[in-house]
Amino acid sequence: MKTLDLRSDTVTRPTPAMRDAMVVAEVGDDVYFEDPTVNRLQAVAAELLDKQAALFVPSGTMANQAAIAVHTRPGDVVLAGENAHALLYEGGAASALSGVQIQTLGSGGLFDAGAVLAAIHPDEQHYAPTTLVTVENTHNVAGGVVFPLDEIRAIADAARERGLALHMDGARLFNAVVATGIPAREWAEPFDTIAFCLSKGLGAPVGSMVCGDEATLRRVHRMRKRLGGGMRQVGMLAAAGLHALEHHVARLADDHANATRLAAGLRELGFRVEPEPETNMVLFHVDDEMAFLRATRERDLLVNPIRAHTFRAVTHLDVSAEDVEDALERIGQVA
Ligand code: TLP
């Protein structure tokens, strides 16, 4: 039986065409700025997001943490949505490496400008300075929800007025782009830094980008070095990223359609699906998580529990429309 892996869009394997592009990539020592393929990827990313500069980093975690480090000082407060990846799933890096506290706002990954204004600490000795707002778009455990651009703009206005910096964890920014038709540069405009991943829905084996103005990116660059992320002949990985940006953005619409079909099928089987999928993730309710996990694993179907009674299924490059029907059939056998 074919293993159906719906744990995450991180599990994709490079396509034959992507592997071909990797094999023939020109390379050089990127610490000397001499890898032409990395340089091209960085130029393409900066252009796409209409920012002055972009930097190739090994992971989404490093992208977020390098950005948090340059926007803050130890002791500061960073505002973020509920269950932000940078808070829950980055090994405690924000506190361990930058010495900041993350304060969450709103629910389901979303919050509004009023919540930001209400949370900002007064400039008084008792309080830690609030210096950064981060927005996760789309959200990894709230069900791939898109953060509405109007709300982002209102948050950015409020944050700027109070002197806060803005960072977007856009690990799945291109899912938001494809779901809304709003170009990446419009999403990026309100932010000082934007991180996006090549290794999620875009299907590259590794790599993320941090984009922003030149002065900020010089500081991110030093932070990447400090974190051990200075890489050498990584043009082969950058080639995968370039291939992904060229060939795997529009096809995210297929993942979204597959997620919508999966949600409908799960409902037909009697599952409560919430929220309605907007992108490539489906969250569904299960009473007995352990029994469900065991029964699905026995049928070579992989899905992750993400909190009590809730499973996450993610569609991606290696999951076809037929695979979705197959997954529904296997779930039907255990439901
Ligand atoms: N998310 C992974 C897990 O770590 C939970 C997943 O399967 O969703 N930002 C967001 C919004 C993410 O979802 C992730 C990975 C990251 C950052 C970190 O990226 P990597 O894994 O490249 O460090």
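Patches, as the term is used here, are made of residues with over 30% relative accessible area and no salt bridge, nonpolar side chains being joined within 5 Å. In this predicted model, Leu 87, Leu 88 and Tyr 89 make a nonpolar surface patch of about 260 Å². Of these residues, Leu 88 lies in helix H4, which spans residues 85-88. The relative accessible area of Leu 88 is 42%, so that this residue is partly exposed, and because patch members must have over 30% relative accessible area, the value of 42% for Leu 88 satisfies that requirement.

The packing of helices was examined for two pairs. Helix H3, formed by residues 60-71, packs against helix H10, formed by residues 214-226, at an angle of about 120° and with the two axes 9 Å apart. H3 is therefore oblique to H10, and the crossing of these two helices is right-handed. In the second pair, helix H12 (residues 252-268) and H14 pack with their axes 10 Å apart and at an angle of about 20°. This angle makes H12 roughly parallel to H14, since angles under 35 degrees are counted in that class. The crossing of H12 and H14 is likewise described as right-handed.

Salt bridges in the model come to a count of 14, and three of the pairs are considered here in turn. Near the start of the numbering, Arg 7 forms a salt bridge with Asp 5, in which the closest N and O atoms are 2.6 Å apart. The two partners fall into separate accessibility classes: Arg 7, with a relative accessible area of 29%, is partly exposed, whereas Asp 5 counts as buried because its relative accessibility is 15%, the limit for burial being under 20%.

A further salt bridge joins Glu 268 to Arg 261, with 3.9 Å between the closest N and O atoms; this distance qualifies because the criterion is a nitrogen within 4 Å of a carboxyl oxygen. Glu 268 counts as exposed at 60% relative accessibility, while Arg 261, at 30%, is partly exposed. Both residues also belong to a network of salt bridges in which Arg 261, Glu 268 and Glu 325 are linked.

Within helix H14, which comprises residues 321-334, Asp 326 and Arg 330 are four residues apart and are therefore separated by about one helical turn. The side chains of Asp 326 and Arg 330 meet in a salt bridge, for which the N to O distance is 3.0 Å. Asp 326 has a relative accessible area of 27% and is accordingly partly exposed, but Arg 330 counts as buried, its relative accessibility being 4%.

Finally, the loop between H3 and strand E3 (77-81) contains Arg 73. With a relative accessibility of 63%, Arg 73 counts as exposed, because the exposed class begins over 50%. Arg 73 and Ser 208 are 135 residues apart in sequence, and their C-alpha atoms are 24 Å apart in space.

Technical notes: Residues are numbered from 1 along each chain as its sequence is written. This is a predicted model: local features need pLDDT of at least 70, side-chain atom pairs count only at pLDDT 80 or more; totals for chains, interfaces and linings use all residues. Side-chain values use heavy atoms; hydrogens and water are left out. Patches are made of residues with over 30% relative accessible area and no salt bridge: like charges are joined within 9 Å, nonpolar side chains (Val, Leu, Ile, Met, Phe, Trp, Tyr) within 5 Å. Accessible areas come from the Shrake-Rupley method with a 1.4 Å probe; for residues, only the protein chains shown count as cover. Buried means under 20% relative accessible area, exposed over 50%, partly exposed in between (1.4 Å probe, protein chains only). Axes are lines fitted to C-alpha atoms, for helices over the stretch in contact, and angles run from 0 to 180 degrees between N-to-C directions. Angles under 35 degrees count as roughly parallel, over 145 as roughly antiparallel, 65 to 115 as roughly perpendicular and the rest as oblique. A crossing is left-handed if the near helix is turned anticlockwise from the far one by less than a right angle, and right-handed if clockwise.
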